[in-house]
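Colleague: Hi! Could you walk me through this one, starting with the basics?

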Amino acid sequence: INTTPIEKRLSNFLLLNKYNIPAVLYIKPVLKNITINDIELYIKYIKTYNIKETIVGSIFTEKNNNEPAPFYCDDKLYYNKIDDEEIIIKELSLYTNIYRRSTEVMKKYNRGEIWKYT
């Protein structure tokens, strides 16, 4: 897949950590047999940069599972999780708070809960 290497995508955590800005690691969408290959690297970044909030999100597809994507007005895209998500969540939850939806962590920001530990 033609994406930027994970090391480069996660380099912003260096700046966030330097200026004591809370970071949220987004691992979404989880791609079957691909995303899970970087689990040790995610753990390394979570530990190195003290990342307390991580979102592990499902891929959007047209397969209807009764949970439509919140941003799509025609209800044609749906969350569809894969087994790899559960493995990633289990492993990463030893080091960080895990969320499945961006809205969950945003609610914590809005209530001021995330800023308490910085």
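Modeller: Happy to, and we can go from the overall picture to single residues. One thing to keep in mind is that this is a predicted model.

Colleague: Good to know. How many helices and strands does the chain have?

Modeller: The chain has five helices and five strands. Starting at the N terminus, their order is α-α-β-α-β-β-β-α-β-α.

Colleague: And what share of the residues is buried?

Modeller: Of the 118 residues in the chain, 36% are buried. The accessible surface of the chain is about 7,800 Å², and carbon and sulfur atoms account for 51% of that surface.

Colleague: What about contacts between residues at least 6 apart in sequence? What share of them joins residues at least 24 apart?

Modeller: That share is 63%.

Colleague: Let's look at helices. At what angle do α3 and α4 pack?

Modeller: Helix α3 covers residues 39–48 and helix α4 covers residues 83–92, and the two pack at about 30° with their axes 11 Å apart. Angles under 35 degrees count as roughly parallel, so α3 is roughly parallel to α4.

Colleague: Is that crossing left-handed or right-handed?

Modeller: The crossing of α3 and α4 is right-handed.

Colleague: Which residues meet there?

Modeller: From α3 you have Ile-39, Tyr-42, Ile-43 and Ile-46, and they meet Ile-87, Ile-88, Glu-91 and Leu-92 of α4. Sorted by type, the residues of this contact are seven nonpolar, no polar and one charged.

Colleague: Which residues of α3 are buried?

Modeller: In α3, the buried ones are Ile-39, Leu-41, Tyr-42, Ile-43, Tyr-45 and Ile-46.

Colleague: What do those buried residues pack against?

Modeller: Quite a list! The buried residues of α3 pack against helices α1 (6–9), α2 (12–18) and α4, and against strands β1 and β2 (53–56).

Colleague: Changing topic: what's in the loop between β1 and α3? Start with Val-30.

Modeller: Val-30 sits in that loop, which follows β1 (24–27). Buried means under 20% relative accessible area, so Val-30, with 1%, is buried. Also, the C-alpha atom of Val-30 is 9.1 Å from that of Ile-88, and these residues are 58 apart along the chain.

Colleague: And Pro-29? Is the peptide bond from Lys-28 to Pro-29 cis or trans?

Modeller: The bond from Lys-28 to Pro-29 is cis, and its omega is near 0°. Pro-29 is in the loop between β1 and α3.

Colleague: Why point that bond out?

Modeller: Because most peptide bonds are trans.

Colleague: Fair enough. What is phi like at Asn-33?

Modeller: Asn-33 has a positive phi near 60°, and it is not a glycine. Asn-33 also belongs to the loop between β1 and α3. Exposed means over 50% relative accessible area, so Asn-33 counts as exposed at 53%.

Colleague: Remind me why a positive phi gets a mention?

Modeller: Because most residues other than glycine have a negative phi.

Colleague: What about phi at Asn-50?

Modeller: Asn-50 has a positive phi of about 50°, again without being a glycine. Asn-50 comes after α3, in the loop between α3 and β2. With 48% relative accessibility, Asn-50 counts as partly exposed.

Colleague: One more asparagine, please! Where is Asn-97?

Modeller: Asn-97 is in strand β5, which covers residues 97–99. Its relative accessibility is 36%, so Asn-97 counts as partly exposed.

Colleague: Which residues does Asn-97 touch?

Modeller: Leaving out residues up to four places away in sequence, Asn-97 touches Lys-52, Glu-53, Thr-54 and Lys-108.

Colleague: How far apart are the C-alpha atoms of Asn-97 and Glu-53?

Modeller: They are separated by 4.9 Å, while the two residues are 44 apart along the chain.

Colleague: Great, thanks for the tour!

Definitions and conventions
Residues are numbered from 1 along each chain as its sequence is written. This is a predicted model: local features need pLDDT of at least 70, side-chain atom pairs count only at pLDDT 80 or more; totals for chains, interfaces and linings use all residues. Side-chain values use heavy atoms; hydrogens and water are left out. Helices (H or I, at least four residues) and strands (E, at least two) are DSSP runs, numbered from the N terminus. Buried means under 20% relative accessible area, exposed over 50%, partly exposed in between (1.4 Å probe, protein chains only). Contact means heavy atoms within 4.5 Å. Accessible areas come from the Shrake-Rupley method with a 1.4 Å probe; for residues, only the protein chains shown count as cover. Axes are lines fitted to C-alpha atoms, for helices over the stretch in contact, and angles run from 0 to 180 degrees between N-to-C directions. Angles under 35 degrees count as roughly parallel, over 145 as roughly antiparallel, 65 to 115 as roughly perpendicular and the rest as oblique. A crossing is left-handed if the near helix is turned anticlockwise from the far one by less than a right angle, and right-handed if clockwise. Ala, Val, Leu, Ile, Met, Phe, Trp, Tyr, Cys and Pro count as nonpolar, Asp, Glu, Lys and Arg as charged, and the others, Gly among them, as polar.
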